[in-house]
Amino acid sequence: AARVGFDWPDAAPVFDKIREETAELEEAVQSGDKAHIEEEIGDLFFSVVNLARKIGVESESALAAANDKFVRRFHAMETLLREQGKEFGKLSLSEMDEAWDAVKLAKA
């Protein structure tokens, strides 16, 4: 499509499209319609991948790196909590968020 000119001129309107798709996804989630939710998730993914393309980022590599970073931080969080003598499964979400933020600040 981009080869024949059916494309955004730059990244700015893609951000608008992502906001639009996010709002549509929120509406779909509120409706509870699983098929509609899946459709809107797909549209949001497609828009984000288009943004990556427009700004010169390889979307699959970026997603793989994000997954690796999450796993690394999650393991670091488990280690931190273990060192503090805390049991992961017994913590509130707020306590887990605090540990996550500590690991994130430590650049894990």
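Here are three short exercises on the salt bridges, a buried arginine and the largest pocket of this structure.

The model is predicted, so local features need pLDDT of at least 70 and side-chain atom pairs count only at pLDDT 80 or more, while totals for chains, interfaces and linings use all residues. Residues are numbered from 1 along each chain as its sequence is written, and side-chain values use heavy atoms, with hydrogens and water left out.

**Exercise 1. Salt bridges in helix α1**

Find the salt-bridge partners of K17, and say how exposed each residue is.

Step 1. Start with the rule: a salt bridge is a side-chain nitrogen of Lys or Arg within 4 Å of a carboxyl oxygen of Asp or Glu. The count by this rule comes to 6.

Step 2. K17 pairs with E20 at 3.1 Å, N to O. K17 also pairs with E21, where the closest N and O atoms are 3.3 Å apart.

Step 3. Check the spacing in helix α1 (helices are DSSP runs of H or I, at least four residues, numbered from the N terminus). E20 and K17 are 3 residues apart, about one helical turn; K17 and E21 are 4 residues apart, also about one helical turn.

Step 4. Now look at exposure: buried means under 20% relative accessible area, exposed over 50%, partly exposed in between (1.4 Å probe, protein chains only). K17 is partly exposed at 23%, E20 is partly exposed at 37%, and E21 is buried at 5%.

**Exercise 2. A buried arginine**

Which side chain of opposite charge is nearest to R73, and what does R73 contact?

Step 1. Place the residue: R73 lies in helix α3.

Step 2. Look for a partner, with Lys and Arg counted as positive, Asp and Glu as negative, and His and the chain ends not counted. The nearest side chain of opposite charge is D101, 8.2 Å away, and buried R73 has no salt bridge.

Step 3. List the contacts (heavy atoms within 4.5 Å). Leaving aside neighbours within four places in sequence, R73 touches W100, V103, K104 and A108.

**Exercise 3. The largest pocket**

Work out which helix gives the most to the lining of the largest pocket.

Step 1. Define the site: on a 1 Å grid over the protein atoms alone, a pocket is an open set of points where a 1.4 Å probe fits, with protein on both sides within 12 Å along at least five of seven lines; lining residues have an atom within 4 Å of a point.

Step 2. Read the lining, which includes K17, E21, D43, F46 and R53.

Step 3. Assign the helices: α1 (12-31) and α2 (34-54) each supply at least two lining residues, and α2 gives the most, with 5.
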